[in-house]
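Load the model in your viewer and keep the selection tool to hand. The tour goes through the internal cavities, then a sheet, then the nonpolar cores.

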Amino acid sequence: MKTVAPKFVCHGCGAIVDSAQQLPFACPHADDSGDVDHLLVPENGGEFATGLEQDPFLRYRRLLSPYRLARSVGLSEDAWAEFNGRLDEALAAIEGRGFRITPMTQEPDLARAAGVGASFWVKDETNNVAGSHKARHLMGVMLYLRVLAAARLPAGEGLSRRRLAIASCGNAALAAAVVARAADWPLDVFIPPDAPASVVQRLKDLGAAIEICQRYGGETGDPCVRAFRRAVQKGAIPFGVQGPDNGLAIEGGRTLAFEMADAWRAAGVVPAAVYIQVGGGALASAAAQGLAIAAAQGVIPDRPRLIAVQTAGCAPLARAWEKLAGVALPEAVRHRTRFMWPWEQTPASVAHGILDDETYDWWEIAKGLRETQGGTIVVDEDALARAHALAHTHTKIDVSATGSAGFAGLLSAPPENGSVAVIFSGAER
């Protein structure tokens, strides 16, 4: 099989990027003057064909642009399996596990404790590579880099001499460090001074170069993200999970939504709503896009309502959603700062992993909310603590307060009827 080389399209300005000729990371017009929200999104293509593979990057390969790129330039199925297999073996050697389909289970005890219906689904990502969903995003990027090198494509010229870079306070940094180590690629990590000591030590053990980024009074926006973007401007490869910095990052995360859709198809039921914790927005954006693809291809009859959950300590998406009332999304995408800007106060919450100053992938989430008649919920610290405690008492999932924040949204505003789903992502550390 030979396919057409996949292209990426900016949802803000319409720029088209051929992924064989040009890196589909930031939109080429992102630095132009104006207030457009730039984000490269892969053109949909490929068949949702469920096989017997337990590795999502094999099972759903036809839906991934790096695979379609590989096939379009004449690389074989065996070549893709080799790229993926070598990385997966290295991940297993480093982490004790590679990528496998993660559990999607009904949790009746937790449902009863929460006072919701018995049809309650939990997608458990806490035992995924690096303890969360974040590595999915980065595996997709690394597979693309492998394809470029193997096929000697123009977009890959000189990449092997460039370092990877990421800004993160925890799970994303660990995911990047694990995948980078598996690929034997040097990585620079930009983290805040209050990053957990266990995370910092693990990053050092994995060989990542760490830069601590202080937050000074009077500044707005995340200093780690600013430092990361400066590194990218100097030549580093953006190896983070924010879509505007790397259009490929969201696509790898779609595999989580594909797994969820497959599980619901097998069960013959689709939940009425799915509650998803939102910080920078990569998880919710990937879920919205992945479930839309699954519905369009008939895997599920319809999409659940998407409910985006943020903490009162930092809720830029919820603020944007309120301002979007009555505004056409094509209009909003051309006027980003009317809706999305950095949180003015220093973010603080027990769910520290979703304290991104901005929801970088806000527009694609808003699109998903509109299309599914969903919305946003802002939860307080009591709800976050209760959700975390209930998850530990009534399941065997060792989830962090960040990872159970979507469940906190369910506790704060349960649906009137119908089954519901949450994603537990982020192991307790």
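For the residue classes used on this tour, Ala, Val, Leu, Ile, Met, Phe, Trp, Tyr, Cys and Pro count as nonpolar, Asp, Glu, Lys and Arg as charged, and the others, Gly among them, as polar. Bear in mind that this is a predicted model.

**Stop 1: the largest cavity**

A search of the whole structure finds 2 cavities of 30 Å³ or more. Begin with the largest cavity, which holds about 50 Å³ of space. Select V274, A287, A288, L291, R303, P304, L306 and T372 to display its lining. By class, this lining has 6 nonpolar, 1 polar and 1 charged residues. Which helix supplies the largest share of the lining? Colour helix α10, residues 282–296: 3 residues of the lining come from there.

**Stop 2: the second largest cavity**

Next, select L39, L40, V41, P42, G243, G247, I250 and Q289, the residues that line the second largest cavity. The volume here is about 40 Å³. The lining divides into 5 nonpolar, 3 polar and no charged residues. Show β3 (40–42) and α9 (247–267) as cartoons, since each supplies at least two lining residues. β3 gives the most, with 3 residues.

**Stop 3: an open sheet**

Hide the cavities and show the open sheet of 4 strands, which runs in the order β8-β7-β6-β9 with parallel pairing. The edge strands, β8 (209–212) and β9 (237–238), each pair on one side only. Now select β6 (residues 164–167) and β7 (residues 187–191), which pair in the parallel sense over 4 bridges. To locate one bridge, pick A165 in the viewer; its partner in β7 is D188.

**Stop 4: the nonpolar cores**

Where are the most contacts inside the largest nonpolar core? Select M142, Y144, L164, L187, L203 and F239: these have the most contacts within this core of 69 residues. Add helix α6 (residues 171–183), which gives the most to the core, with 11 residues.

Centre the view on M142 and show its surroundings. Leaving aside residues up to four places away in sequence, M142 touches L87, L164, V179, A183, W185 and F239. Of these, L164 and F239 were also in the previous selection of residues with the most contacts inside the core.

Finish with a second, separate core of 43 residues. A261, W264, A294 and A308 are among its members, and selecting them gives a starting point for viewing it.

Terms used
Residues numbered from 1 in each chain as written. Predicted model: local features only at pLDDT ≥ 70, side-chain atom pairs only at ≥ 80, totals over all residues. Heavy atoms only, no water. 1 Å grid on protein atoms, 1.4 Å probe; cavity = no way out; pocket = protein on both sides within 12 Å on 5 of 7 lines; lining within 4 Å. Points joined across faces, edges and corners; volume = space filled by probe spheres on them. Pairing = 2+ DSSP bridges. Core = buried A, V, L, I, M, F, W, Y, C linked by side-chain atoms within 4.5 Å. Buried < 20%, exposed > 50% of the residue type's maximum accessible area, 1.4 Å probe, protein only. Contact = heavy atoms within 4.5 Å.
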